[in-house]
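Q: I'm just starting out with protein structures and would like to zoom in on one part. Could you walk me through a boundary between two chains, slowly and in plain words?

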Amino acid sequence: MPHVFLEYTANLTDFDADKALLRINHALVASGQFGAEFDIKSRATKLEAFRVGTGAGERGFVHVKLALLSGRSAQIKTQLSESLLAGLKDLGDWPAGVEVQLSVEVVDLDRESYAKVTF
Amino acid sequence: MPHVFLEYTANLTDFDADKALLRINHALVASGQFGAEFDIKSRATKLEAFRVGTGAGERGFVHVKLALLSGRSAQIKTQLSESLLAGLKDLGDWPAGVEVQLSVEVVDLDRESYAKVTF
Amino acid sequence: MPHVFLEYTANLTDFDADKALLRINHALVASGQFGAEFDIKSRATKLEAFRVGTGAGERGFVHVKLALLSGRSAQIKTQLSESLLAGLKDLGDWPAGVEVQLSVEVVDLDRESYAKVTF
């Protein structure tokens, strides 16, 4: 905890997933919400098969799901999602001619049944 | 919002993911539940490593997760999942000799912390 | 139902995803919580793009999400997650020099809107 799941569509050809993950992890550390930097587990997936809506025109998106152990306030969750969204916007180089949507959701991990071990 | 996550096992060799996504998006637009067609962000993943149960015999599945901003009624969610399931059934050509399961789940996106930008 | 989503980082080079899924499915059958073995639908994804924390040093992880139709008690969910975590630990051969985190979460599938067909 936390877990970060980043997805981006394959038509965002200049998207640097490694850079995005590192930036997200730094933003989460900087939030002061998490005890140890090594707890942050993030992954990125390039989406080869996707469809935005039903219209013509090229469209793409980046979506981040941030999963946190339950118990944080709505305010903190909103701050975290806004912070991650701002970080995504900064990544820039979106291809010309592609309508790009960036979104961030926050989801609770059920604290009681979450199990973890490190070794 | 909404987000659609479709997964299908690699042994469903005739499954047309692009067609499935387009059909799903059209069904969601037709539901009248969403403001703009371009808000619907759908992706499909082919599962190369999977296991259904513990028995012998070839088995596969298609699973769709529909994620909606929180606040919709149970009735509307059920109508949406039934509609998407019906659309999957229509896709047909399931391979002979493979037991196929199709399933649809609906999950809430936490409205308060959901953040989005388009550009 | 249930659905199992296993992810593992690509630097866990000896991780046997097929073996892990089969072991998970057997553990779920043995739990007595599920009506039929063929209901258990599990998949594994190798994560090529990932980042654990912000520090140096090689790190990896395995994460399992178990999705169950809603209604089970917190105690049963905890028993299931502990059982799956124990199974992951037994898989062993973690590479020398990689700090490995194993985690299991349990999530509810909304029972009312879950739709399924088998054929």
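How many residue pairs are in polar contact between chain C and chain B, counting pairs with both at pLDDT 80 or more?

A: Before we dig in, keep in mind that you're looking at a predicted model. Between chain C and chain B, the count is 19 residue pairs in polar contact, with both residues at pLDDT 80 or more. On the chain C side, strand S1 (3–9), helix H1 (17–30), strand S2 (41–47) and strand S6 (115–118) each supply at least two of the residues that touch chain B. Helix H1(C) has the largest share of that side, with six residues. If you sort the residues of this side by class, you get twelve nonpolar, six polar and nine charged.

Now for the overall size of this boundary. In total, 27 residues of chain C are in contact with 30 residues of chain B. Putting the two chains together buries about 2,400 Å², and carbon and sulfur atoms give 55% of that area.

What about charges? The interface of chain C and chain B has two salt bridges. You can look for one that links C:Arg43 to B:Glu7, where the closest N and O atoms are 2.6 Å apart.

Strands also meet across this boundary. Strand S3 (residues 49–52) of chain B pairs with S2(C) in the antiparallel sense, over four bridges. To find your place in that pairing, look for B:Val52, which stands opposite C:Lys41 in S2(C).

Now let's pick one residue on the chain B side: B:Arg59. You'll find B:Arg59 in strand S4 (residues 59–69) of chain B. Is B:Arg59 buried or exposed? The cut-off for buried is under 20% relative accessible area. B:Arg59 has a relative accessibility of 11%, so it counts as buried. Its side chain reaches across to chain C, making a polar contact of 2.8 Å with the side chain of C:Glu37. Setting aside neighbours within four places in sequence, B:Arg59 is in contact with C:Glu37 and C:Phe38 from chain C, and with residues of chain B including B:Asn11, B:Phe50, B:Val52 and B:Val98. You met B:Val52 a moment ago, opposite C:Lys41.

With that picture in mind, hop over to the boundary between chain A and chain C. Here 27 residues of chain A are in contact with 30 residues of chain C. The buried area is about 2,400 Å², with 55% given by carbon and sulfur atoms. Two salt bridges are counted between chain A and chain C. A:Arg43 forms a salt bridge with C:Glu7, and the closest N and O atoms there are 2.6 Å apart. There are also 19 residue pairs in polar contact across this interface, both residues being at pLDDT 80 or more. On the chain A side, the elements giving two or more residues are S1, H1, strand S2 (41–47) and strand S6 (115–118). H1(A) gives the most, with six residues. By class, the side of chain A that touches chain C holds twelve nonpolar, six polar and nine charged residues.

Strand pairing turns up here too: S2(A) and strand S3 (residues 49–52) of chain C run antiparallel, joined by four bridges. In that pairing, A:Ser42 stands opposite C:Arg51 in S3(C).

Let's finish inside chain A, with two residues worth clicking on. A:Val4 sits in strand S1 of chain A. Its relative accessibility is 0%, so A:Val4 counts as buried. What surrounds A:Val4, leaving aside neighbours within four places in sequence? Its contacts are A:Ile24, A:Leu28, A:Lys41, A:Ser42, A:Arg43, A:Val64, A:Lys65 and A:Leu66. Take A:Leu66 from that list: A:Val4 and A:Leu66 are 62 residues apart along the chain, yet their C-alpha atoms are separated by 4.7 Å. Two other names there should ring a bell: A:Arg43 is the salt-bridge partner of C:Glu7, and A:Ser42 stands opposite C:Arg51.

The second residue is A:Asn11, in the loop between strand S1 (3–9) and helix H1 (17–30) of chain A. Although A:Asn11 lies in a loop, it is buried, with a relative accessible area of 12%. The side chains of A:Asn11 and A:Thr9 are joined by a polar contact of 2.7 Å. Not counting residues up to four places away in sequence, A:Asn11 touches A:Phe50, A:Glu58, A:Arg59, A:Gly60, A:Pro95 and A:Val98.

Definitions and conventions: Residues numbered from 1 in each chain as written. Chains lettered and ligands numbered in written order. Predicted model: local features only at pLDDT ≥ 70, side-chain atom pairs only at ≥ 80, totals over all residues. Heavy atoms only, no water. Buried < 20%, exposed > 50% of the residue type's maximum accessible area, 1.4 Å probe, protein only. Polar contact = N/O pair within 3.5 Å; in protein donor to acceptor, adjacent residues only side chain to side chain. Contact = heavy atoms within 4.5 Å. Buried area = accessible area lost by both parts, 1.4 Å probe. Salt bridge = Lys/Arg side-chain N within 4 Å of Asp/Glu carboxyl O. Nonpolar A, V, L, I, M, F, W, Y, C, P; charged D, E, K, R; others polar. Pairing = 2+ DSSP bridges.
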